[in-house]
Structure formats: structure tokens, C-alpha cells
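Please look through the model below before reading on. The paragraphs that follow lead from one helix to the sheet beside it, and then on to the cores and a further sheet.

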Amino acid sequence: MFEFFRQFLNQLRSVFKKLNSPQRFIIFLVSIGSIITIILLMLWASQKNYVVLFSNLDPKDAQKIREKLSGQKIPYKLETDGTAILVPEGQETGLRLDIISQGIISQAGIGYEIFDRANLGITDFIQKINYRRALQEELARTIRYIQNVERARINIVLPEEALFKEDQKETTASVVLTLRAGAELTRENIYSIAKTIAMSVEGLKIKNVSIVDSYGNDLSKELNREEVYLMTANQIEIQNEVEKRIKAGLESMLNVVLGPGKSIVRVTVDMNFKEISSSSETYAPGSQIVRSEDRSEAAGTVSDTVGTPSREESSIINYEINKIVEEVNDKYGKIERISVSVTVDTGRTQQELEDLRNSIMASIGYNETRRDQVQVVQFAFDTTAREAEESRIRAEKRQELMGKIIRYSLLSFAGIIFLIVLRSIFKSLDMLLPKPKPKPAIDIEAEAIEEEISAEAQRRAQMLDQVAKFARDKPENVASLLATWLLEEKT
């Protein structure tokens, strides 16, 4: 293999020496242009997609991450004014874990590790300040574990202990949350955050915790509402949950029967949240149980002439009548009415609509006594927006696929062009080389005669070699043969 390349380079060098300056310059430009074009196409075809490594970074943290990526020679991009760092796709997970484990992102605070360092001569005031700082950071780290929370900053006010209880001020806390893009916190999430902080700080009540987001929205306003209002909010939430469950069940059924996007379901549930406490006592006279019995007996004589003895007995029996006591406390709400409206796309017969209505009635547990309502109608759906969105998604996928096809096609085309250009270069070199002049016919015949003579001479030489070898091997036979030839010549 190496010998082949060496010969190829030698031939190329010899051919290149035989060319004049313009020919060399043209070949040089064509070769350089082809190589540069192929390199650019290969770089463009092998370009990687970049994904977000970290976003919403503090400038100091962004600089640290940049230095680490540069030290490891990992390509990266900066976006959104340097607060977002992008890396090639496929490397983001490992880099993210590596950066977090090394503590490159400061997260803006020091927790209880502040007490790992021994500080001699520290005052009690500084110790309290350090404790409050550590507590705030530890709580912020805890809050950051909650889903949809990206950052948290907590400030706690611990008042000094007063001499009298009525003069004692309450502990308060304020929380600033930075939520992830497009994320929201439910009322349960907000209450859980407030409760977590209140349970971690001595003397802190939930109502004294203020929670706001990075846009200044007061998220904790529901924590300080009246109990009656909160009860009403809970009742609305329960009603909405019941409606959602009924709606989800109907939509899952209709999507299978009619197909996705072929129906619209609306459910309204009327509920009674009156807290009813009732008790009842039921007596069963036919079922009697002896509770107590009192018997008395007295002996005496009858006043007559004979003096006959007498005896008296008395009995008092108390019976317990069977009694059943029931207490009913209904405070979780009761469904009083269910109203369902279903709109389907056109193309259904009246019988199909009626069958669909019966199926819906059976699914929701239709009760005529409750005056439930189920209505099924059909209208032509306006699918313009949905079709436009689907077309947009298909166009994006098609564009992405075409980009890949064009990228790899151009790469293959560049390779083919390079081979064609290389072949044309060698072909041009072959044409530029001086070709041998054709020989005359006489010279050709002379060469043929010379070839015949040389062949006859080769045969004679071979015969002489054979004779010499025979003479060396059998000299007696050669001597007798020569004697015979001499005798024949004399005669």
C-alpha cells in the first residue's frame, strides 16, 4: 500500500514538473477550491444542535460556567443577554450534573455550613445573625425542591423577647419565588410553602408568611381570608372536581366512539353543601327486655274462728323498650342535579344521536328525580385553526427532514464532485504530457525482424546450454558421437 502511494506521488511529481506555470496555477486553484468547498460542506453537514444547559443565570454563575466549558474545550453559545448557556445536544445532562455537584452555581446563600468554621471570639449578636442567614438559606433550598419553583429567597424577622407577653411582637417571614417559565402554583402549593416555613421557625404563624412571585403578585392573599370564604372556595373546588371527573369520563368515551376532536362536552353539577345534622330514635314495642323485677311476700292468719294461715305475694317487673338512635351529619356536599351538553360534528343520523344520548345518560348515572338533563346536538365544527396548527407542525417536520436530506445530499454530492474533479485533473495531466511520435512502417518491420532474430538466438543459446550440460554429464557418449561425425565427414 505504501509502495503504491509512493509511486503515485513520484508520478504526480514528475508530471507536475513537465507542466508550465499557467497549467500549474490552474490546477492549484482548482484543487484548493475543491478542498475548501468540501471542508465547508462537511462542517455545515456535521453542525450540531444546541440545547439549553442553564437559563436565568446570575452573571457571576454564568461566567463560572463559561470558564469551566472553555477549560474542557466544550463549544457553547450564549443567549438572552448572557443569562442562558447552550451546549451541543447530548452533553447537557452530564454537564448539568457535573456543574451542580461541584457547586459552581452558588444559589446565592450559605446554609448551616456557615457553622462548620470555628470562629473564636464571635459575639452573640453575630451568632444570631449567622443563624438567621443559615435558616433562611436552608428554607430556600427546601422550597427549591418544589416543582415549578426555580429560585426562592426568604427573609425572616425574629423579634427580641419582650418582658411582658402583651408586648411580644410576632415573628414574620417574606418569600420571593421565581417560577419556571409558564408554571403556576396551586393554592395547595402556596399553603404547603407557608406551612413548611411556619413549622421551621419558632413562633411563626402561617398567616404571618407573605409569599410573592418575581412579578410582584401576592400569592399568599388566600391564606389570610376568612374561614367562611375559604369554606366557599373549597366547595367550589369540590364542585369543579366533580365536574372535571364527569367530563373526563365522557370525553374518553366519545373520543373512542366519534374520534378525537369530534365532540365538545360541557358538564354542570349543582351541589348542596348545607351541613345537616339529624338524629332519630326508633322504638320497638314488640321487643321487650326485662330491666328489673321486685318481688315481695308476706305471711299471716285469717281472722276466723279456726285461724287459717294466709300468704300474700306481689311482683313488680320493669321492662326496657328497644330503642334505635341514629345521627346523620352531612357536610361533604350532595349532588342535586347534573346537566350535560354534548356537541358533535355533523354527519350523524337521528338514531345515532339518540343512542349516544342514552349512552351518556347511563355513564353519568342519570336520575330523573334529580331533574338531570342530557342534551346532544350536532353542528359543523370550524376546524380552520386546528388544521392551520397541524399544517404548521407538519411543515416544520417536513422542513427539518428536508434540511437533513439536503445536508447529507450535499455532502455526498461534494464527495462525488471531488472525485470527478480529481479524475478530470489527472485526465488533463495525461493530455498535457508529450505523447510519443508514431514510428514508420520500415522501423516497425525492422523491429519485428529483430524480435524474430532475437527469438532464434534464444533457442540456440538454450540448445548450447543443453549440449554443454550433456557433455559434462556424459563425456564418453559425446566422444563417441564426435568420432562418428568425423568418420562420416571423411567418407
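**From a helix face to the sheets**

On the other side of α3 from its buried residues, Pro59, Lys60, Glu67 and Gly71 are exposed, where exposed means over 50% relative accessible area, buried under 20%, and partly exposed in between, with a 1.4 Å probe and protein chains only. The model is predicted, so local features need pLDDT of at least 70 and side-chain atom pairs count only at pLDDT 80 or more, while totals for chains, interfaces and linings use all residues. Residues are numbered from 1 along each chain as its sequence is written, and side-chain values use heavy atoms, with hydrogens and water left out. Helices (H or I, at least four residues) and strands (E, at least two) are DSSP runs, numbered from the N terminus.

Helix α3 has 13 residues and reaches 18 Å from its first C-alpha to its last, close to the 18 Å expected at 1.5 Å a residue, the expected span being 1.5 Å times one less than the number of residues. Its buried residues are Asp61, Ala62, Ile65, Lys68 and Leu69. Seen down the axis of α3, these buried residues fall within an arc of 125 degrees, so they line one face of the helix; the arc is that of the directions from the helix axis to the C-beta atoms. An α-helix has 3.6 residues a turn, so residues three or four places apart point the same way. The cover over the buried residues of α3 includes β1, β3 and α4, and just after the helix Lys73 takes a positive phi of about 55 degrees.

The strands beside this helix form an open sheet of three, in the order β1-β3-β2, with antiparallel pairing; two strands pair if DSSP finds at least two bridges between them. The edge strands are β1 and β2, each of which pairs on one side only, and the twist averages 40 degrees from one strand to the next. Such angles run from 0 to 180 degrees between N-to-C directions, with axes as lines fitted to C-alpha atoms, for helices over the stretch in contact. Between β1 and β3 there are four bridges, and the partners across them include Val51 with Val87 and Tyr50 with Pro88. Strand β2 (residues 77-79) is joined to β3 by three bridges, with Leu78 opposite Ile85, and in the hairpin of these two strands, which has four residues between them, Thr80 takes a positive phi near 50 degrees. Five of the five residues of β3 are buried, so this strand is largely enclosed by the rest of the structure.

Two helices lie across this sheet. Helix α3 lies across β1, β2 and β3 and runs at about 20 degrees to β3, whereas α4 lies across β1 and β3 and runs at about 15 degrees to β1. In α4 (residues 92-101), Glu92, Leu95 and Ile99 are buried. They cover an arc of only 70 degrees around the axis, which puts them on the same side of α4, while Leu97, Ile100 and Ser101 are exposed on the other side. The buried residues of α4 pack against β1, α3 and β3, with contact meaning heavy atoms within 4.5 Å.

Further along the chain, which residues of the largest nonpolar core touch the most other members? Of its 22 residues, they are Ile154, Leu177, Ile197 and Ile211, a nonpolar core being a set of buried Ala, Val, Leu, Ile, Met, Phe, Trp, Tyr and Cys residues joined through side-chain atoms within 4.5 Å. At least two residues each come from α5, β4, β5, α6 and β6, and α6 gives the most, with five residues. Leaving aside its neighbours within four places in sequence, Ile197 is in contact with Leu139, Ile154, Ala173, Val175, Leu204 and Val209. A second, separate core of 21 residues includes Leu250, Val269, Met271 and Ile338.

Another open sheet of three strands has the order β7-β10-β11, with mixed pairing. Its edge strands are β7 (263-272) and β11 (373-379), each pairing on one side only, and its twist averages 10 degrees from one strand to the next. Strands β7 and β10 run antiparallel and are joined by 10 bridges, with Asn272 opposite Lys334 in β10. Helix α8 (residues 350-364) lies across β10 and β11, running at about 145 degrees to β11.
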